[in-house]
Amino acid sequence: MKIGLISDTHGSVEGFLKAFEILKECDLIVHTGDVLYHGPRNPLPPGYNPQKLAEILNKIKIPIIAACGNCDAAIDQLLLKFPLQNNYALIYFNAKKIMALHGHDKPIEEWLKLCRDWKVDFLITGHTHVKTIEKIDDIILINPGSPSLPKDGIPSCGIILEDVVRLYNIDTKEITMEFKLI
């Protein structure tokens with residue numbers, strides 16, 4: 001099992017391609033929203049080209065599951081060959097339950113309660129552009145940060161492996177956070 005994690009690309013070809021260098025060997029990529037548009041409150045990210053990013057994403061052979069973010073719009077779906085899920089995506093992968101969502105529409109505590117009720121293993125979020133990994137009860141909460149507009153200064157993405165979750169600095173390819181699952 002090798003699940004790539006990315007969020008908040010905001011139309012940045014440059015940021016996505018750097019992240020994809022890390023994610024290209026994954027079995028699945030989970031994108032937690034704000035795929036193409038930069039949003040009215042964000043600056044234009046380096047390499048901003050939503051149409052080109054859509055072309056690149058559509059050519060990737062790895063399955064992509066994407067939750068809809070607050071900057072994603074119905075028109076984006078016309079460019080993308082994979083669906084932007086509504087609020088969230090519930091993913092079953094190698095006997096693990098993963099809930100992927102952007103995280104802009106209700107407090108994380110409400111999502112965590114739902115994850116507890118549904119016995120979800122991983123809750124993957126976006127929206128804050130700040131990477132984190134933490135265990136809350138039996139749920140591993142992960143935000144891979146942003147490869148294009150990081151609010152913590154380090155452009156990032158992540159990978160879930162059988163025994164560890166790693167978040168990476170996409171510029172240096174170094175691991176910036178690691179959480180052992182076993």
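**A cluster of aromatic rings**

Let us start at Trp-118, which is partly exposed, with a relative accessible area of 31%. The model you are looking at is a predicted one, and Trp-118 is a good place to enter it. Ring pairs join Trp-118 with Tyr-88 and Trp-111 into a cluster. The structure as a whole holds three aromatic pairs, and two of them will guide us here.

Take the pair of Tyr-88 and Trp-111 to begin with. Their rings meet edge-to-face, at 5.7 Å centre to centre and with 65 degrees between the planes. Tyr-88 belongs to strand E5 (residues 88–93), while Trp-111 belongs to helix H3 (residues 108–118), so this pair ties together parts that lie 23 residues apart in sequence.

How much of each ring's residue is open to the outside? Tyr-88 is partly exposed, with a relative accessible area of 32%. Trp-111, by contrast, is buried, and its relative accessible area is 2%, which puts it under the 20% cut-off for that word.

Now back to Trp-118. Tyr-88 also pairs with Trp-118, and this pair is tilted: 6.0 Å separate the ring centres, and the planes stand 55 degrees apart. Here too distant parts of the chain are linked, with Tyr-88 in strand E5 and Trp-118 in helix H3, 30 residues apart. Tyr-88 thus takes part in a pair with Trp-111 and in a pair with Trp-118.

One more neighbour deserves a look. Lys-106 lies over the face of Trp-111, at 4.4 Å from the ring centre. Trp-111 therefore has Tyr-88 as its edge-to-face partner and Lys-106 over its face, and it is a buried residue.

Definitions and conventions:
Residues numbered from 1 in each chain as written. Predicted model: local features only at pLDDT ≥ 70, side-chain atom pairs only at ≥ 80, totals over all residues. Heavy atoms only, no water. Phe/Tyr/Trp six-rings, centres within 6.5 Å; stacked < 30°, edge-to-face > 60°. Helix = DSSP H or I, 4+ residues; strand = E, 2+ residues; numbered from the N terminus. Buried < 20%, exposed > 50% of the residue type's maximum accessible area, 1.4 Å probe, protein only. Lys NZ or Arg CZ within 6 Å of the ring centre and 35° of its normal.
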